[in-house]
Amino acid sequence: MLRLRRDVSALVVLLITLGQSWREGLALRLPSLKSMRTSVRWSGEKTINGDAKQPDAGRGHQDWRMSSRTNFEQLDLSTKRRKDFDDGDDLTIRNHWALLVAGSSGWFNYRHQADVCHAYHVLLRGGLRPAHMVIMMYDDIAYDTQNPFPGQIFNSPGGPNVYDGIRVDYRGADVNAATFLAVLEGNASAVPPGSGSGRVLASGPYDRIFVFYSDHGSPGVLGMPSGSFLYADQLVGALRRKYSRGGYKEAVLYVEACESGSLFEGLLPQDIATYATTASNSFESSWGTYCPGMSPGPSSLFSTCLGDLYSVSWMENAELCDLTRETLMTQYDVVRNRTSRNYTYAMGSHVMQYGSLVITREVAGDYQGMRNRGRGGGHRPDDDASCRPGPGPRPSPSPSPSPSPSSFHPRTAAPASEGADDTSVGGGGEGAVRGAAGTFLLRGGDGAGDVDIASAAAAAAAAAATTANQMEGRMLAEEEGAGDGEDAVGGALAWLRRRQGRRRRAAAEAKATAEAAEAEVHLRMRQLGSLEQRDADLAPLRHRQMYGSTPEDRHEAQVALEREVRRRKAVDAAALAAATSLLDHPELVLKVAAAAAATFAAAKPATAAVTTTTGFSYPIPTTLYDTGTGNAALVAVLARELTSGPMGRPSPGRPLVDNWDCLRAMVAAWGDVYGPMDQYTMRHTRLLANLCNVGVAPELLAQSLKGAVAAGGDGSGGD
C-alpha cells in the first residue's frame with residue numbers, strides 16, 4: 001500500500017512538472033525506439049559539467065526527470081545523479097566515455113598524434129568529462145628537435161595548439177596492443193603495473209563509449225609504436241566480451257588507417273550494439289592531408305603533414321555543425337563525400353561502415369558531445385553547405401561486396417615489367433601506375449569526374465614503349481655507321497665508347513623521365529590536398545630535399561630518401577620472391593589457382609577465364625603442374641595475386657582470414673627472418689593472410705624466406 005501511494009505521488013509530481021515544462025516552452029526529446037518502458041527517476045541534485053548544483057528551492061518542487069529503461073523492471077526511484085551531459089536519444093544513459101589512440105611514433109608520423117589531440121578537444125568541448133577520456137600516444141613530437149614550435153601541436157593550418165591541456169594516460173612503450181585491450185575492456189588488473197595512469201574505460205550498462213584510433217594499418221592489423229600488432233580478431237573479441245559483461249550500452253568506433261575496412265568486414269556482428277566506420281575499405285590506403293606544399297598547407301617551417309583526411313573531416317564537421325541535430329549517418333555521409341573527393345576517389349578513399357547500423361539514426365552528439373552545437377552556438381545542419389551531404393551516391397547501409405578484379409588497388413594493377421625501374425615509392429607496377437595517373441590528372445583531369453587509372457597506365461606504357469623503340473632505332477643506326485674510315489681495332493674501340501656513352505645518356509634520360517613523372521604525381525597530390533599515408537611518411541625527407549637550409553642538408557635528405565625508396569622496393573621484392581618460391585611446389589600451384597578462380601568467379605561469374613590484378617587472363621589448370629613456359633607465366637601471375645589479391649575469399653563480406661592464429665604465426669615467421677614488420681612492411685600481411693587461406697603452413701613460409709635470404713634477397717632493404 002505504501003509503495004502504491006509513493007508511485008501515485010510520483011506520477012502526480014511528474015504531471016505537474018511536465019505541465020510547467022510545456023508552459024515554459026521547454027523541448028522534450030523522445031527516448032530511442034529501443035526504449036519501450038519508462039520510469040520516474042528522482043534526483044535531489046543537478047549536475048552541470050559533472051559538478052553538483054543545488055536544486056532551485058524557489059520552484060517549490062524537486063527536479064523530476066523522465067528516463068527510459070531497456071528492461072521491464074517495475075517502476076522505481078533512483079538517487080543516482082547524472083554524471084555528464086544529457087544524452088540526445090536515450091535518457092537512461094548515465095555517462096559517456098572515450099578512448100583516443102595514436103598508434104605510431106616519430107616526427108614523420110606527426111599527424112596521428114595531432115589527430116588524437118584534436119579529438120580530445122572536440123570531445124571536451126562537447127561535454128565529455130576529462131576523467132572519462134583515456135589518451136594513448138607516444139608523446140614524442142611536441143618536443144621533437146624538428147618541431148618549429150616546441151611544446152605545440154597543430155592539426156590544421158592556422159589552427160589552435162591542440163597539445164594545450166592534454167593529459168596523456170599512456171605514453172612511450174606503454175602504448176601497446178595489450179594495454180589498449182585492457183583499457184578498452186575496462187580491465188584495470190590487466191594493465192601492467194606502473195603503466196601510465198592505470199585508468200581504463202570503467203563504463204557500465206547505461207553508458208556510451210567512443211573509440212578513435214589514428215595510425216598505420218594493413219590487412220587485418222593496426223600498428224602500435226611498441227610490441228606486436230593489434231589484430232582484428234582481438235579488437236572485435238574485446239568488444240564482444242565487454243558487451244557481454246554489461247560494459248556499455250552502445251559503442252561507436254572511428255578508425256583512421258590503411259586497409260582499415262579489413263578490421264571489421266565479416267567480423268563485427270550486429271548484435272553487440274557497436275557501430276564502426278573506417279577511413280578506407282579493405283584494399284586501399286587512407287590519406288594524409290595538410291602536407292608541405294599543399295593549399296591549404298602548413299607553414300613553410302613545417303616538414304611534415306599535420307593531419308589525416310578522414311580524421312580532420314569528422315572533427316572539423318563536429319566543430320562546425322550542430323551535433324544535437326546531425327545524425328551519425330549524416331556525419332558519415334559528409335565525411336565520405338570529403339574523403340572521396342566528391343565520390344571520384346581521385347586521391348581519396350572509400351569510407352566504410354560496419355556493425356549495428358541502426359545506431360546511425362542517433363545524433364552524433366551522443367558520442368562526440370551534445371554541447372558541440374556549431375560555431376554559432378546552435379544552428380540547423382542545412383544552414384551550412386559543409387553540414388549537408390554532398391552530391392553523389394548515397395551511402396550504402398552494408399559493407400561493399402568483394403572487389404572486382406579491376407578494383408583491388410588501382411596502383412597495383414600493372415604487370416611487373418611495367419615500372420620496374422620506377423623511382424617512386426612502392427616500386428614495380430605501383431609506381432608506374434601512380435605516375436601515369438598523376439600525369440593523366442595533371443594534363444587533362446580536373447578531379448571532377450571519374451578517372452580511368454587503367455587507361456592512364458596503358459597510355460603511359462605505350463608512350464614508354466614508343467620512346468624505347470625510337471631510342472633503340474637511333475642506336476642501331478649509329479652502330480651501322482660505326483667504324484667508317486677507321487682501322488678495325490680503332491673503329492671497334494670507338495664504337496664501344498660511343499655505345500657506352502649512348503647507354504649512359506639513355507640511363508640518365510630514363511632516370512630524369514622517372515623523376516619528372518614522380519614529381520608530377522606528387523605535385524598533383526599536393527594540389528588535390530592529400531597524400532597516401534605511406535607516401536606522407538616521406539614528406540619530411542622530400543621537404544628537406546627541396547627546402548633544406550644548406551646544400552649539405554638537401555643532399556643528406558636526398559640520400560636518405562633514396563635509401564628509403566630502395567628499402568621499400570627491396571621489401572616488395574622479398575614478398576614477391578617468397579610467393580614465387582612457394583609456388584615451386586606443384587600442389588600449391590593448383591591450390592592457389594583454384595582459390596584465385598573461385599575468388600574471381602564470385603566477382604565476375606560470367607567470365608570464363610580468370611582476370612587478375614595484373615590484367616592477365618589465364619585458364620584454370622586442369623592437368624598436373626609441369627615446367628612448361630605457360631606454367632611459368634602462370635606462376636608469375638599467381639605470385640602477384642598472392643601478394644595483392646583477396647585469395648580464397650570468394651564470398652562478399654568474408655573476413656580477411658579464418659585462422660587468425662595462422663596469421664600471427666606468419667607474421668612471426670617473417671620477423672624471425674627479416675625482423676619485425678614496420679609501418680611499410682606491414683602492407684604485406686595480405687600475402688601472409690592469403691597463404692593461410694590456401695593452407696600454407698607458417699613453417700613453409702619460414703623456409704622460403706630463409707632460402708630467399710641465402711640467394712641474396714634482403715627483405716630489410718638495407719644497403
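**Exercise 1. Helix H2 and the sheet**

Determine which strands helix H2 lies across, and at about what angle it runs to E5.

*Solution.* Helix H2 spans residues 110–126 and lies across strand E5 (95–102), E6 and strand E7 (207–214). Relative to E5, helix H2 runs at about 165 degrees. The model under study is a predicted one.

Step 2 places these strands in their sheet. Six strands form an open sheet with mixed pairing, in the order E6-E5-E7-E11-E12-E15. Strand E6 (133–136) and strand E15 (352–355) are the edge strands, each pairing on one side only. From one strand to the next, the twist averages 10 degrees.

**Exercise 2. A strand pair within the sheet**

State how many bridges join strand E11 to strand E12, and whether the two run parallel or antiparallel.

*Solution.* Strands of a sheet pair through backbone hydrogen bonds, either parallel or antiparallel. Here, strand E11 (residues 250–256) and strand E12 (residues 274–278) run parallel and are joined by five bridges. One bridge can be located by residue: Val-255 has Thr-278 in E12 as its bridge partner.

**Exercise 3. The environment of helix H3**

Explain why helix H3 (residues 177–185) is described as largely enclosed by the rest of the structure.

*Solution.* Step 1 applies the cut-off: a residue is buried when its relative accessible area is under 20%. Step 2 lists the residues of H3 that are buried: Ala-177, Thr-179, Phe-180, Leu-181, Ala-182, Val-183, Leu-184 and Glu-185. Step 3 draws the conclusion: eight of the nine residues of H3 are buried, so the helix is largely enclosed by the rest of the structure.

Step 4 identifies the surroundings. The buried residues of H3 pack against E5, E6, E7, strand E10 (230–231) and helix H4 (232–244).

Step 5 examines the two ends. At the N-terminal end, Asn-176 caps H3, with a side-chain oxygen 3.2 Å from the backbone nitrogen of Ala-178. Just after H3, Gly-186 takes a positive phi of about 75 degrees.

**Exercise 4. Salt bridges between distant parts of the chain**

For the salt bridges of Arg-241, Arg-208 and Arg-664, identify the partner residue, and then describe the location and burial of each pair.

*Solution.* Side chains of opposite charge can pair when their charged atoms come close. The structure holds 23 salt bridges, and the three pairs are treated in turn.

Step 1. Arg-241 forms a salt bridge with Glu-185, with 2.7 Å between the closest N and O atoms. Arg-241 lies in helix H4 and Glu-185 in helix H3, 56 residues apart, and the pair links distant parts of the chain. Arg-241, at 35% relative accessibility, counts as partly exposed, whereas Glu-185, at 17%, counts as buried.

Step 2. Arg-208 forms a salt bridge with Glu-362, the closest N and O atoms being 3.2 Å apart. Since Arg-208 lies in strand E7 and Glu-362 in the loop between E15 and helix H7 (365–368), the pair ties together parts that are 154 residues apart in sequence. Both Arg-208 and Glu-362 are buried.

Step 3. Arg-664 meets Asp-233 in a salt bridge, at 2.9 Å from N to O. This pair also links distant parts of the chain, with Arg-664 in helix H16 (residues 660–674) and Asp-233 in helix H4, 431 residues apart. Arg-664 is partly exposed at 23% relative accessibility, and Asp-233 is partly exposed at 24%.

**Exercise 5. A salt-bridge network**

Name the residues that are linked with Arg-208 and Glu-362 in a network of salt bridges.

*Solution.* Asp-87, Glu-250 and Asp-366 are linked with Arg-208 and Glu-362 in the network. Within the network, the salt bridge between Arg-208 and Glu-362 is the pair treated in Exercise 4.

Methods: Residues numbered from 1 in each chain as written. Predicted model: local features only at pLDDT ≥ 70, side-chain atom pairs only at ≥ 80, totals over all residues. Heavy atoms only, no water. Pairing = 2+ DSSP bridges. Helix = DSSP H or I, 4+ residues; strand = E, 2+ residues; numbered from the N terminus. Axes fitted to C-alpha atoms, helices over the stretch in contact; angles between N-to-C directions. Contact = heavy atoms within 4.5 Å. Buried < 20%, exposed > 50% of the residue type's maximum accessible area, 1.4 Å probe, protein only. Polar contact = N/O pair within 3.5 Å; in protein donor to acceptor, adjacent residues only side chain to side chain. Salt bridge = Lys/Arg side-chain N within 4 Å of Asp/Glu carboxyl O.
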